[in-house]
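Student: I've got a new model open and I'd like to learn how to read it. Could you walk me through some features, one at a time?

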Amino acid sequence: MADQKTLSLALQGGGAHGAFTWGVIDGLLSDGRIKFDAISGTSAGAMNAVVMTDGLARDGVKGALQRMEEFWHSVSREGGMVSRMRALIDPILSFWSLPGWDWDPSDLRNFRSPYEFNPLNINPLKEVVEDLIDFEKVRAYRDLHLFLAATNVRSGKIKVFSGSEITADALLASACLPYVFQSVEIDGEFYWDGGFLGNPPLFPLFDMPGTEDILLVQVNPIERDEVPRTAHAIVERMSEITFNASLLREFRAIDFVNRLMAESKLDPKRYRTNRIHRIDAGKALAKYAAATKLDTSWSFFQELHRAGQLAAREWLEENFDAIGVKATVDLRKAFL
């Protein structure tokens with residue numbers, strides 16, 4: 001396609017809110033004018049990235065859209081994965097009160113380690129991932145570079161899996177919530193959810209040959225108008241701040257390098273300007289509390305999917321011409 005343009009994608013994690021990202025990817029791919037050369041993803045963002053790549057490797061855009069729908073239905077309550085998870089844990093976690101995985105980690109009086117309530121380390125998500133995704137096809141797919149973020153439990157440093165490292169365990173590590181699952185062991189190291197240190201990491205995309213355009217799909221709000229006052233609301237806000245902190249640091253670094261490049265103070269052979277774009281789920285998710293990240297109903301997934309499709313169409317209509325030309329996000333004004 002003559003006017004097709006290339007983007008690198010940066011996909012945040014956000015539990016069930018990742019269905020919004022599913023819709024965004026659907027909207028971008030269905031448009032036909034966009035292709036991706038690299039994706040950095042964390043947690044639910046990593047899931048979307050790998051499932052999409054599996055579909056592309058099988059049957060192009062059609063395969064990607066089909067596999068993503070299959071994945072989200074599989075992890076819905078109606079798909080059965082959550083039911084199997086609850087059958088395992090419900091007898092012990094009696095403080096789960098709402099459908100899905102809605103329990104409050106701030107209730108430390110009732111909290112028990114996953115090493116206690118799940119000593120066999122059974123993870124139904126692993127079954128879904130291994131049944132649905134052909135990781136050999138994903139690793140062999142050369143048209144797209146994947147970067148999956150996880151947190152090294154012992155070193156406290158970020159780990160970015162790529163290339164031959166993309167496995168089911170790497171994907172599960174990226175989405176390993178420490179109060180639900182045991183840490184994922186890979187080659188003698190132990191990993192938790194990547195969102196603690198990179199949600200998502202942008203730095204793997206800086207040195208990629210090709211496009212200098214990075215599109216962030218943001219599902220975790222940076223700002224909130226109201227000050228939380230209940231224990232549950234405080235924990236939710238703490239989580240949002242924690243899972244956005246690394247992203248804001250990277251935005252500062254990008255803004256700094258871009259300004260130095262504009263002033264010809266850096267060697268263009270070693271550094272480059274990165275054009276940042278964003279599709280923000282804030283408007284679509286404004287009516288939902290942060291706790292809905294744990295709503296695993298198929299109807300909720302479908303609602304967020306439709307919202308993501310609409311957001312992608314609107315973004316393309318407003319910003320397609322800017323791709324490859326200029327950033328559409330003023331980092332300093334928007335975030336810094």
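Tutor: Happy to. Let's start with one residue: Ala173 sits in helix 7, which covers residues 168–174. Bear in mind that this is a predicted model.

Student: Is Ala173 buried or exposed?

Tutor: Buried, because its relative accessible area is 0%, and the cut-off for buried is under 20%.

Student: Which residues is Ala173 in contact with, leaving aside neighbours within four places in sequence?

Tutor: Ala150, Val184, Ile186, Tyr191, Trp192, Asp193 and Gly194. You can also look at distance along the chain against distance in space: Ala173 and Asn152 are 21 residues apart in sequence, and their C-alpha atoms are 9.4 Å apart.

Student: How far can I trust the coordinates? What is the average pLDDT of the protein chain?

Tutor: The general idea is that predicted coordinates should not be read in detail where pLDDT is low. Here the chain averages 86, and 90% of the residues score at least 70. Over residues 88–103, though, the pLDDT is below 50. That stretch still has 39 contacts in the model beyond near neighbours in sequence.

Student: Now a helix. What span should helix 1 have, end to end?

Tutor: Helix 1 runs over residues 18–31, and at 1.5 Å a residue its 14 residues should span 20 Å. The C-alpha atoms at its ends are 20 Å apart, so the model agrees with the expected value.

Student: And how many residues of helix 1 are buried?

Tutor: Here's the general idea: an α-helix has 3.6 residues a turn, so residues three or four places apart point the same way. In this case helix 1 is mostly covered, with twelve of its 14 residues buried. Among them are Phe20, Trp22, Val24, Ile25 and Leu28. Asp26 is on the buried list too. Just after helix 1 comes Gly32, with a positive phi near 90°.

Student: Let's do strands. In which sense do strand 7 and strand 8 pair?

Tutor: Some background: in a regular strand the side chains alternate between the two faces of the sheet. Strand 7 (residues 213–218) and strand 8 (residues 275–280) are parallel, pairing over six bridges. To find your place, look for Leu215, which stands opposite His277 of strand 8. Between the two strands the chain passes through helix 9 (residues 231–262), giving a right-handed β-α-β crossover.

Student: How many salt bridges does a search of the whole structure find?

Tutor: It finds 18. The thing to check is whether a side-chain nitrogen of Lys or Arg comes within 4 Å of a carboxyl oxygen of Asp or Glu. Lys159 and Glu165 pass, with their closest N and O atoms 3.0 Å apart. Lys159 counts as partly exposed because its relative accessibility is 23%, and Glu165 does too, at 31%.

Student: Where would I find others?

Tutor: Strand 8 covers residues 275–280, and Arg278 pairs with Asp280 at 3.7 Å between the closest N and O atoms. Arg278 is partly exposed at 25%, and Asp280 is partly exposed at 36%. Then there's Glu303 with Lys287, at 3.5 Å from N to O. That pair links distant parts of the chain: Glu303 belongs to helix 11 (residues 298–319), while Lys287, 16 residues away, is in the loop between helix 10 and helix 11. Glu303 is partly exposed at 31%, whereas Lys287 is exposed at 63%. Salt bridges can also share partners, and in that way Asp54, Arg58, Arg67 and Glu70 are joined into one network.

Student: What about unusual backbone geometry?

Tutor: In general, most residues other than glycine have a negative phi, and most peptide bonds are trans. Ser43 has a positive phi near 55° and lies in the loop between strand 2 and helix 2. Ser264 also has a positive phi, about 55°, and its place is the loop between helix 9 and strand 8.

Student: Are those two serines buried or exposed?

Tutor: Ser43 is buried, at 11% relative accessible area, but Ser264 is exposed, at 65%.

Student: Which residues does a cis peptide bond join?

Tutor: Asn199 and Pro200, with omega at about -10°. You'll find Pro200 in the loop between strand 6 and helix 8.

How values were computed:
Residues numbered from 1 in each chain as written. Predicted model: local features only at pLDDT ≥ 70, side-chain atom pairs only at ≥ 80, totals over all residues. Heavy atoms only, no water. Pairing = 2+ DSSP bridges. Helix = DSSP H or I, 4+ residues; strand = E, 2+ residues; numbered from the N terminus. Right-handed = clockwise from strand over helix to strand, strands pointing away. Buried < 20%, exposed > 50% of the residue type's maximum accessible area, 1.4 Å probe, protein only. Contact = heavy atoms within 4.5 Å. Expected span 1.5 Å × (residues − 1). pLDDT = per-residue confidence, 0-100.
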